[in-house]
Amino acid sequence: MQPASTEIASRTAAVINEFKALDGPLLPILHGIQEEFGYVPGESLPVIASALNISNAEVHGVVTFYHDYRRHPAGRHVLKVCRAEACQSMGGDALAAKLQQLLGIGFHETARDGSVTLEPVYCLGLCACAPSAMLDGEVIGRLDADKIEEIAAEVRK
Ligand code: FES
């Protein structure tokens with residue numbers, strides 16, 4: 001259930017207080033908000049803007065510029081697929097397309113049943129084992145068609 005807006009505002013204010021004294025506090029605050037909620041709720045943006053004395057548009061611009069910030073709650077699993085060069089050169093594009101087909105969602109989308117959110121990532125430091133992905137924080141190397149099917153089945157459980 002979505003928390004009430006007042007609850008979002010007060011939890012947002014607590015995160016702001018933690019990071020407000022830093023130089024350039026906006027990004028650390030947004031990271032903190034995403035850690036707190038699992039995404040950056042729209043209701044948090046005016047609270048942040050007002051606390052930092054900047055415009056709503058400025059906060060919104062930063063949130064939409066960095067793809068790491070989710071604007072909606074994530075699924076039960078978060079699957080990040082590497083889209084950088086080494087992985088692409090090892091067939092990453094075709095595997096990513098197959099994975100999207102198996103899951104029925106595109107990048108930056110969450111399955112309707114809330115099982116999984118699919119996100120692109122640009123290098124996991126696992127280039128030697130390309131193509132690579134990360135499922136709920138655990139890296140997976142040497143992806144192939146079989147592993148992709150296993151992953152798709154696993155996140156659907
Ligand atoms: S390019 Fe994919 S892990 Fe480095």
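**Group meeting talk: pockets, sheet and cores of one chain**

Let me start with the largest pocket, which has 15 lining residues; Tyr 69, Arg 70, Arg 71, His 72 and His 108 are the ones nearest its centre. Its volume comes to about 240 Å³. Which elements give two or more residues to this lining? They are α4, residues 56–65, then β2, residues 109–110, and β3. Sorted by class, the lining of this largest pocket holds five nonpolar, six polar and four charged residues. Please keep in mind that what you see on the screen is a predicted model.

There is a second pocket to show you. The second largest one holds about 170 Å³ of space. Its lining is made of Gln 34, His 67, Asp 68, Arg 70, Lys 80, His 108, Glu 119, Pro 120, Val 121 and Tyr 122. You may recognise Arg 70 and His 108 in that list, since both were also named among the residues nearest the centre of the largest pocket. Which element gives the largest share of the lining of this second largest pocket? It is β3, with three residues. The classes here divide into three nonpolar, three polar and four charged residues.

Now let's step back and look at the whole chain. It has 157 residues, and 41% of them are buried. The C-alpha trace spans about 50 × 35 × 25 Å along its principal axes. In secondary structure we have seven helices and five strands. If you walk from the N terminus, the order of elements is α-α-α-α-β-α-α-β-β-β-β-α. And here is a number for those of you who like contacts: taking those with a separation of 6 or more, 58% are between residues 24 or more positions apart.

On to the sheet. In what order do the five strands lie? The order is β2-β3-β1-β4-β5, in an open sheet with mixed pairing. At the edges are β2 and β5, the latter being residues 138–140, and each of these pairs on one side only.

Let me stay with β1 for a moment. This strand is mostly covered, with five of its six residues buried. Towards β3 it is joined by six bridges, and those two strands run parallel. Val 78, for instance, stands opposite Thr 117 in β3, and Leu 79 stands opposite Leu 118 in that strand. Towards β4 there are three bridges, and this pair runs antiparallel. Here Leu 79 turns up again, opposite Leu 135 in β4.

Those leucines bring us to the cores. In soluble globular proteins, nonpolar side chains tend to be buried together. The largest nonpolar core in this model has 19 residues, and the ones with the most contacts inside it are Leu 79, Val 81, Leu 99, Leu 103, Val 116, Leu 118 and Leu 143. Elements giving two or more residues to this core are β1 (77–82), α6 (92–103), β3 (116–121), β4 (133–135) and α7 (145–156).

Take Leu 118 as an example. Setting aside neighbours within four places in sequence, Leu 118 is in contact with Leu 79, Val 81, Leu 99, Gln 100, Leu 103, Ile 105, Gly 106, Phe 107, His 108 and Glu 109. So on that list you find His 108, one of the residues we met in the pockets, because Leu 118 has heavy atoms within 4.5 Å of His 108.

There is also a second, separate core of 18 residues, which includes Val 15, Leu 26, Phe 37 and Ile 48. Two residues show us around this part of the chain. Thr 12 sits in helix α1, residues 5–19. Is Thr 12 buried or exposed? Its relative accessible area is 0%, so Thr 12 counts as buried. Apart from neighbours within four places in sequence, Thr 12 touches Ile 33, Phe 37, Ser 44, Val 47 and Ile 48.

The other one is Leu 30, in helix α2, residues 26–37. Leu 30 is buried too, because its relative accessible area is also 0%. With neighbours within four places again left out, the contacts of Leu 30 are Val 40, Ile 48, Val 62, Val 63 and Tyr 69. How far apart are Leu 30 and Thr 12? In sequence they are 18 residues apart, and in space 9.4 Å, C-alpha to C-alpha.

Thanks for listening, everyone!

Note on methods: Residues numbered from 1 in each chain as written. Predicted model: local features only at pLDDT ≥ 70, side-chain atom pairs only at ≥ 80, totals over all residues. Heavy atoms only, no water. Core = buried A, V, L, I, M, F, W, Y, C linked by side-chain atoms within 4.5 Å. Buried < 20%, exposed > 50% of the residue type's maximum accessible area, 1.4 Å probe, protein only. Helix = DSSP H or I, 4+ residues; strand = E, 2+ residues; numbered from the N terminus. 1 Å grid on protein atoms, 1.4 Å probe; cavity = no way out; pocket = protein on both sides within 12 Å on 5 of 7 lines; lining within 4 Å. Points joined across faces, edges and corners; volume = space filled by probe spheres on them. Nonpolar A, V, L, I, M, F, W, Y, C, P; charged D, E, K, R; others polar. Pairing = 2+ DSSP bridges.
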